[in-house]
Amino acid sequence: MTYSGLKILTLAALGLGLAGCGTKTNYNKQTFVASAVAAQYTSAKIDILFVQDNSASMAVPIQNLKSQADSFIDGIDSRWDYHFTVVPLQSKLPLTSKYIIAQDCSTINSSYCLNTSNKSTFTNTPNQTVYGWINTVDTGTNNTDQGFTNIQANLQDPSMTSTGFLRPDAALAVVVMSNGDDVSGLSYPADYMNRGDGQMIPNPNSANYTNSFNNFKNFLNGLKIGPGLVQFYSVVASNNYSNCYGGAAWQGLRYMNMSNALGGAWYNLCDSGLSSALGNIAYQ
């Protein structure tokens, strides 16, 4: 049997009817081999990488979004064989300095593993730490977010596999939460245009805009052999807002477009999108 049509998050609570093993030559060229023993069942395997905007413009909004973020953790279904962690959108952070929440901590090669019974520790870590939600901000980034670049750097960090967080036989969901938009691969002012009100915004017709978008999409698609095993979800501003949880927000158009391109979905950050994201993801 084949799994070429597998969509990652239709992995039902009853479990996926396969037993899998993966052989990794390098992470971008993983193989996915399904067992021929159709009667053997395992729980649906899903690795969830939550990418949190930690730019200066999120300093106020993140305090108002914490309750929604906590509900995201609480909503992770214990019937999934899941791994969950958070990395910053503005930089690379090895998972050796992060909590990883897993249904089974015996599969994680890290002392910072929380299982279903104690995952609330993740949401209760002190301020100014990186172990749970990221409470510190990078004041030098503001709205020049190299989001795609940093997500790729995080996924390519050796700690992703050395900790056991990323598994070759698991689906991968990348979930981005940001009040800005990606500008990876763009040069200012060559790749920008006047919006009409004096504000310069990325020009979607520039070659760098198109090439950097496609390069990141191809990178994510190349992480797994089975189509649909990597999906990209965005919790971003659907438009420009002067007040989004106490701060300004800019339309996350590139993140939204990447979600559409990879069969995921996007949610409006400024309209309680974070609190509904996990529930909706489960049915994608």
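**Exercise 1. Which cysteine forms a disulfide with C105, and how far apart are their sulfur atoms?**

Some ground rules before the solution. This is a predicted model, where local features need pLDDT of at least 70, side-chain atom pairs count only at pLDDT 80 or more, and totals for chains, interfaces and linings use all residues. Residues are numbered from 1 along each chain as its sequence is written, and side-chain values use heavy atoms, with hydrogens and water left out.

*Step 1.* The partner is C113, with the two sulfur atoms 2.2 Å apart. The cut-off here: a disulfide is a pair of cysteine sulfur atoms within 2.5 Å.

*Step 2.* Now the handedness. The S-S torsion of C105 and C113 is about -90 degrees, so this disulfide is left-handed.

*Step 3.* Check how covered the two ends are. Buried means under 20% relative accessible area, exposed over 50%, and partly exposed in between, using a 1.4 Å probe on protein chains only. C105 comes out partly exposed at 23%, while C113 is buried at 14%.

**Exercise 2. Work out how many disulfides the structure holds, and describe the one at C244.**

*Step 1.* There are two disulfides in the structure. C244 is joined to C270, S to S 2.1 Å.

*Step 2.* With a torsion of about -105 degrees about its S-S bond, the C244 and C270 disulfide is left-handed.

*Step 3.* Place the ends. C244 sits in strand β11 (residues 241-244) and C270 in the loop between β13 (265-268) and α7 (273-281), so the bond ties together parts that are 26 residues apart in sequence. Helices (H or I, at least four residues) and strands (E, at least two) are DSSP runs, numbered from the N terminus.

*Step 4.* Both ends are covered: C244 is buried at 1% relative accessibility, and C270 is buried at 19%.

*Step 5.* Counting bonded cysteines along the chain, the pattern reads 1-2, 3-4.

**Exercise 3. Find the strand order of the seven-stranded open sheet, then look at how β4 fits into it.**

*Step 1.* The order is β6-β5-β4-β3-β7-β10-β13, with mixed pairing. Strands pair if DSSP finds at least two bridges between them. At the edges are β6 (113-114) and β13, each pairing on one side only.

*Step 2.* Take the β3 side of β4. β3 (residues 45-52) and β4 run parallel over eight bridges, and I48 has F84 in β4 as its bridge partner.

*Step 3.* Add the helix. β3, α1 (residues 59-74) and β4 make a right-handed β-α-β unit; right-handed means that, with the strands pointing away from the viewer, the path from the first strand over the helix to the second runs clockwise.

*Step 4.* Go to the other neighbour. β4 and β5 (residues 100-102) are antiparallel, joined by two bridges, with A102 in β5 as the bridge partner of H83.

*Step 5.* Carry on to the edge. β5 and β6 are parallel, again with two bridges, and I100 stands opposite C113 in β6. That brings us back to the cysteine that bonds C105.

*Step 6.* Is β4 (residues 81-88) mostly covered or mostly open? Mostly covered, as eight of its eight residues are buried. D81, H83, T85 and V87 make up one side, and Y82, F84, V86 and P88 the other.
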